[in-house]
Every structure is written in C-alpha cells, then in structure tokens.
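Reader: I would like a close look at one part of this protein, the largest nonpolar core. Please set it in the context of the fold and then go through its residues.

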Amino acid sequence: MTANPYAPPAVDSRLGVFDPTGVWRDGDHLVWRLGAQWPDRCLRCNGPVTRRYRRELYWHAAGWYLVLLLGPIPYIVVALLVRRRTRIEVGLCREHADARTNRLLAAWGAFVLGLVAMVSGCSARGGSAAAQLLGGLALVLGGLVAVAVVGPLVRVVRIDRDQARAAGVAGEYLDDLDRGSGGAWRV
Ligand SMILES: [Zn+2]
C-alpha cells in the first residue's frame with residue numbers, strides 16, 4: 001500500500017501512523033496484523049495515554065502442553081521451538097498505569113515479605129517456625145500469582161503467521177475499532 005500524500009502527519013512520529021485496517025474487533029477480542037500499530041489509547045478505559053509499554057508476546061497451540069507429561073525440561077525445549085512471537089506497543093492512562101504499578105509493588109512486596117518470613121521461620125523453633133514457614137510460603141505464592149495476573153497488559157489468545165488476537169482490552173477501546181474491516185479470522 002502506498003502512503004497517502006494528503007494524510008495528516010502523525011502526531012507522534014515515534015509511533016508511526018495508525019493504520020485502521022490493521023487492527024479490528026472480533027467480539028471481546030482485538031485482532032491485528034502482525035506489526036500493525038494499535039490505537040494509541042488506554043487499554044483499560046480508552047482515555048489518553050500517558051505511559052507506553054513495548055511487549056513481546058508469545059503463544060503456542062494448547063496441545064503442546066501435553067509435552068508437560070514428559071516433564072518440564074522437554075516442555076520448555078518444545079515450547080521454545082514451536083512458539084510464535086510478536087511485538088506490540090500499547091499504552092495506559094495515568095490512572096490505570098499508576099494502579100497497575102501499585103498492584104505490582106504490593107504483589108512483589110508480599111513475595112519479599114514471604115521470603116523474609118520463611119528465612120526467619122528456619123531459625124525459629126516449634127509452632128512459631130511452622131507458622132512462619134507456612135505463612136511465608138502463602139505470601140510468596142500469593143505474590144507470584146498476583147504478579148502473573150496484574151503484570152500482563154493483554155492476554156494473547158492466538159498468534160498466527162500473519163495475524164494475532166488478544167483479550168483483556170476495554171470495550172470502549174474495541175468499540176472505536178472498525179468492526180470487521182480487517183477481514184475474517186480463520187481458526
Ligand atoms: Zn485508563
């Protein structure tokens with residue numbers, strides 16, 4: 001596609017010109033051609049962006065999880081070979097970026113606190129030691145789960161050779177996309 005010489009210049013040249021045909025909505029999912037620029041709006045509320053994130057996304061077909069039956073090492077090797085990857089740049093408004101940062105800090109705080117409790121439990125005795133070890137373990141695991149939930153900005157549903165789809169984007173954001181303009185998605 002040749003560039004339109006009458007098109008207005010991009011507001012932020014670092015981001016390039018948004019191509020509305022490269023990103024579209026399919027139900028609750030956002031579908032995009034690999035390499036296409038996403039709308040520069042907050043993923044959570046469609047408001048103005050104050051913080052941007054570059055993310056590498058990975059995906060492989062669910063059937064490959066069966067390799068886990070052979071153990072974690074074979075699975076990791078296979079997953080590294082078969083996974084597809086793509087890069088996106090997305091943004092959040094100040095409010096959602098701050099909320100995310102605070103939740104991540106709280107999650108990592110629980111993780112560190114749990115580690116400290118477990119270390120101190122190792123040098124304690126009797127019931128107090130068991131309580132500190134168990135409480136610490138709960139904090140460590142809870143912190144890791146919270147990081148896994150809060151950390152990802154979008155959830156990758158599928159990455160194909162030329163396009164991908166993601167969930168976890170606000171309805172307002174999806175409403176603004178030209179429905180179906182990019183063509184059908186084949187599963
Ligand atoms: Zn927002």
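**The nonpolar core and its setting**

Author: The protein has four helices and six strands. This is a predicted model. Read from the N terminus, the elements follow the order β-β-β-α-β-α-α-β-β-α. Of the 187 residues, 17% count as buried. Contacts between residues at least 6 apart in sequence join residues at least 24 apart in 66% of cases.

Now the core. The largest nonpolar core is made up of 18 residues. Val23, Leu30, Trp32, Trp38, Leu43 and Val169 are the ones with the most contacts inside it. Four strands each supply at least two residues of this core: E1 (23–26), E2 (29–33), E4 (84–92) and E6 (163–167).

Val169 can be followed further. Apart from neighbours within four places in sequence, Val169 is in contact with Leu30, Leu43, Val154 and Leu174. Two of these partners, Leu30 and Leu43, are also listed among the core residues with the most contacts.

For the helices, one pair can be described. Helix H2 (residues 94–123) and helix H3 (residues 126–150) have axes that come within 7 Å and cross at roughly 155°. Because angles over 145 degrees count as roughly antiparallel, H2 is roughly antiparallel to H3. The crossing of H2 and H3 is left-handed. In the contact of H2 with H3, 18 residues are nonpolar, eight are polar and two are charged.

Methods: Residues numbered from 1 in each chain as written. Predicted model: local features only at pLDDT ≥ 70, side-chain atom pairs only at ≥ 80, totals over all residues. Axes fitted to C-alpha atoms, helices over the stretch in contact; angles between N-to-C directions. Parallel < 35°, antiparallel > 145°, perpendicular 65-115°, else oblique. Left-handed = near helix turned anticlockwise from the far one by under 90°. Nonpolar A, V, L, I, M, F, W, Y, C, P; charged D, E, K, R; others polar. Core = buried A, V, L, I, M, F, W, Y, C linked by C-beta atoms within 7 Å. Buried ≥ 20, exposed ≤ 12 C-beta atoms within 10 Å, placed from the backbone. Contact = placed C-beta atoms within 7 Å.
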